[in-house]
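Student: I'd like a close look at one part of this protein, namely its aromatic pair. Could you walk me through that spot and then work outward to whatever surrounds it?

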Amino acid sequence: MQRLYEVMFIVKPDVADEEVEKLIQGLESNVSGAGGVIKSIDRLGRRRLAYNVRGTREGNYVLFTLEGAGETIHELERRMRVSEPVLKFLTVRIDQEQKRLAKVKAIRATKVRRAAQPETEAPGEQAAVSV
């Protein structure tokens, strides 16, 4: 079953940009080889970490948005776990959240349509209000 995930990982700050690109391409080929599809890759750049991780306070953040099965994610996480330049990673399933947001958006659109419609009052109701 194909699901939508976000995978954020942090690369050591002393790794050269070419090495980071090579790492990203390697992970991308692993995902596509396992039947997954990468929707987007966001290179968020160097940022400060909240705490020391392996003696460093900064890291290069990379965010993958991908569609794949659980086995694809499991293999991707295994590769990042054994990869030396990757400090940390986190995978979040986002398809359920997007479904919930679409439902909330539909409910809000219905409320806006109801508010935009003019109210039709019965003639007897208006007399009762003026008393």
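Tutor: Start with Phe9, which is buried, with a relative accessible area of 0%. Phe64 is buried too, also with a relative accessible area of 0%. Keep in mind that this is a predicted model. A search of the whole structure turns up one aromatic pair. Its members are Phe9 and Phe64, arranged edge-to-face, with 5.4 Å from centre to centre and 80° between the planes. The pair ties together distant parts of the chain, since Phe9 sits in strand 1 and Phe64 in strand 3, 55 residues apart.

Stay in strand 3 for a moment, where you'll also find Asn60. At 12% relative accessibility, Asn60 counts as buried, because the cut-off for that is under 20%. Setting aside neighbours within four places in sequence, Asn60 is in contact with Phe9 from our pair, and also with Ile10, Val11, Lys12, Pro13, Val15, Val20, Gly45 and Arg46.

Val20 takes us into helix 1, where Val20, Leu23, Ile24, Leu27 and Val31 are buried. They cover an arc of only 100° around the axis, so they sit on the same side of helix 1. The general rule behind such a pattern is that an α-helix has 3.6 residues a turn, so residues three or four places apart point the same way. The buried residues of helix 1 pack against strand 1, strand 2 (37-53), strand 3, helix 2 and strand 4, and strands 1 and 3 are the ones that hold Phe9 and Phe64. On the other side of helix 1, Glu18, Lys22, Gln25 and Gly33 are exposed. Take Glu18 as an example: its relative accessible area is 59%, so Glu18 is exposed. As for length, the 17 residues of helix 1 should span 24 Å at 1.5 Å a residue, and the end C-alpha atoms are 24 Å apart, which agrees. After helix 1 comes Gly35, with a positive phi near 95°.

Helix 2 (residues 70-82) tells a similar story. Its buried residues are Thr72, Ile73, Leu76, Glu77 and Met80. Looking down the axis of helix 2, you'd see these buried residues fall within an arc of 130°, so they line one face of the helix. Their packing partners are strand 1 (3-11), helix 1 (17-33), strand 3 (56-68) and strand 4 (86-93). Over on the other side of helix 2, Glu71, His74, Arg81 and Val82 are exposed. The length checks out here as well: 13 residues at 1.5 Å each should span 18 Å, and the end C-alpha atoms of helix 2 are 19 Å apart, which agrees.

There's a backbone detail to look at in the loop between strand 2 and strand 3, where Arg54 lies. Most residues other than glycine have a negative phi. Arg54 isn't a glycine, yet its phi is positive, about 50°. With a relative accessible area of 52%, Arg54 is exposed, in contrast to Phe64, which is buried.

Now zoom out. The protein has four helices and four strands, and along the sequence they follow the pattern β-α-β-β-α-β-α-α. Helix 3 (residues 95-116) makes a good contrast with the two helices above. It has 22 residues and reaches 32 Å from its first C-alpha to its last, close to the 32 Å expected at 1.5 Å a residue. But helix 3 is hardly covered: among its 22 residues, the count of buried ones is zero. To get a feel for distances, take Glu18, in helix 1, and Gln96: they are 78 residues apart in sequence and 35 Å apart in space, C-alpha to C-alpha.

The overall dimensions are worth a look too. A compact globule of 131 residues would have a radius of gyration near 14 Å, but this protein has 24 Å. Its C-alpha trace spans about 80 × 35 × 20 Å along the principal axes. Of the 131 residues, 28% count as buried, and Phe9 and Asn60 are among the buried ones. About 9300 Å² is exposed, and carbon and sulfur atoms supply 51% of that. Finally, of the contacts with a separation of 6 or more, 71% come from residues 24 or more positions apart. The Phe9 and Phe64 pair, 55 residues apart, likewise links distant parts of the chain.

Methods
Residues are numbered from 1 along each chain as its sequence is written. This is a predicted model: local features need pLDDT of at least 70, side-chain atom pairs count only at pLDDT 80 or more; totals for chains, interfaces and linings use all residues. Side-chain values use heavy atoms; hydrogens and water are left out. The expected span of a helix is 1.5 Å times one less than its number of residues. Buried means under 20% relative accessible area, exposed over 50%, partly exposed in between (1.4 Å probe, protein chains only). The arc is that of the directions from the helix axis to the C-beta atoms. Contact means heavy atoms within 4.5 Å. Rings of Phe, Tyr and Trp (its six-membered ring) pair if their centres lie within 6.5 Å; planes under 30 degrees apart count as stacked, over 60 as edge-to-face and the rest as tilted. The radius of gyration is taken over C-alpha atoms; the globule rule is 2.2 Å times the number of residues to the power 0.38. Accessible areas come from the Shrake-Rupley method with a 1.4 Å probe; for residues, only the protein chains shown count as cover.
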